[in-house]
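Here are a few short exercises to work through with a structure in front of you. Try each task before you read its solution.

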Amino acid sequence: MVSSLESGILTSELPLMEDFYTIQGEGFYQGHAAYFIRLGGCDVGCIWCDVKESWNAEAHPLVSIEEMVKRAKQSGSSLVVITGGEPAMYNLDELTRALNQAGLKTNIETSGAHPITGDWDWVCFSPKKFKAPVESIYTQANELKIIIYNNSDFEWAEDFAKKVNSECELFLQPEWSKEKEMVPKIIEYVKANPKWKVSLQIHKYMNIP
Ligand code: SF4
């Protein structure tokens with residue numbers, strides 16, 4: 001088994017923090033039923049991270065790709081979201097191959113801090129200030145999701161909007177602890193700059209994972 005970070009070697013097992021069937025609460029697939037596979041391990045270190053328990057990969061059991069895909073298939077979902085942690089730390093060729101073979105749509109959520117591997121139907125790129133993204137993500141991203149924590153983040157968002165490909169969907173999402181302060185600002189910003197859309201973490205309003 002290979003779980004070494006930044007390894008390009010294929011793996012048949014990955015550290016799994018949790019997997020569950022729920023409603024995607026954010027971004028392009030907001031409101032869609034989706035099976036989530038949350039891999040352990042992240043080296044980005046966002047101060048406001050709401051899944052800090054994901055950071056240490058060794059704290060999470062190694063689970064076979066076969067088992068993960070079996071559970072996802074059994075859920076009845078057609079969409080599988082691979083999240084973390086930072087899932088792009090791993091070689092995901094085998095995982096996406098198995099998901100594709102099972103007829104499941106593959107969606108990665110990544111900060112872009114590592115080159116992504118695997119064959120993806122949808123790439124959600126959510127850059128973080130704590131570790132710069134790699135250049136390759138700009139052409140691969142189907143969706144750019146910027147977390148708005150400070151007023152200066154709107155300008156930061158525009159810097160990324162200039163870099164991603166022209167087909168990329170653009171979302172602004174309030175950081176959860178700043179939601180009351182930032183939602184009115186995001187509403188006004190999107191009205192003035194309609195290339196952007198609002199993304200809310202609606203799973204938190206619905207009290208689901
Ligand atoms: S990239 Fe995601 S998991 Fe990693 S620290 Fe940032 S918010 Fe947390």
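**Exercise 1.** Find where asparagine 207 sits, and decide whether asparagine 207 is buried or exposed.

*Solution.* This is a predicted model, so keep that in mind throughout. Start with the place: asparagine 207 belongs to the segment after helix 6 (202-205). Next, look at the accessibility, which is 71% for asparagine 207. Exposed means over 50%, so asparagine 207 counts as exposed. Finally, check the backbone: phi of asparagine 207 is near 60°, a positive value in a residue other than glycine.

**Exercise 2.** Work out which backbone atoms the side chain of serine 77 contacts.

*Solution.* First, locate the residue. Serine 77 is part of the loop between helix 1 (65-75) and strand 4 (79-83). Its relative accessible area is 5%, and buried means under 20%, so serine 77 is buried. Now take the contacts one at a time. At 2.8 Å, the side chain of serine 77 reaches the backbone oxygen of leucine 79. On top of that, a polar atom of the serine 77 side chain lies 3.4 Å from the backbone nitrogen of tyrosine 35.

**Exercise 3.** Explain why cysteine 168 forms no disulfide.

*Solution.* Step one is to find the closest cysteine sulfur to that of cysteine 168, and this one is in cysteine 124. Step two is the distance, 8.7 Å. A disulfide needs the two sulfur atoms within 2.5 Å, so the sulfurs of cysteine 168 and cysteine 124 are too far apart for a bond. Step three is the overall count: zero disulfides. As for the surroundings, cysteine 168 has 9% relative accessibility and so counts as buried.

**Exercise 4.** Describe what surrounds the ligand and which pocket the ligand takes up.

*Solution.* Begin with the residues around the ligand: Cys42, Val44, Gly45, Cys46, Cys49, Val51, Trp55 and Gly85. Sort that shell by character and you get six nonpolar, two polar and no charged residues. The space the ligand takes is the largest pocket.

Now pick out two members of the shell. Cysteine 49 has a relative accessible area of 17%, so cysteine 49 is buried. Glycine 85 is in the loop between strand 4 and helix 2 (93-101). One more detail to spot there: the peptide bond from glycine 84 to glycine 85 is cis, with omega near 15°.

Note on methods
Residues numbered from 1 in each chain as written. Predicted model: local features only at pLDDT ≥ 70, side-chain atom pairs only at ≥ 80, totals over all residues. Heavy atoms only, no water. Near = heavy atom within 4 Å. 1 Å grid on protein atoms, 1.4 Å probe; cavity = no way out; pocket = protein on both sides within 12 Å on 5 of 7 lines; lining within 4 Å. Sits in = over half its atoms within 2 Å of the grid points. Nonpolar A, V, L, I, M, F, W, Y, C, P; charged D, E, K, R; others polar. Buried < 20%, exposed > 50% of the residue type's maximum accessible area, 1.4 Å probe, protein only. Helix = DSSP H or I, 4+ residues; strand = E, 2+ residues; numbered from the N terminus. Polar contact = N/O pair within 3.5 Å; in protein donor to acceptor, adjacent residues only side chain to side chain.
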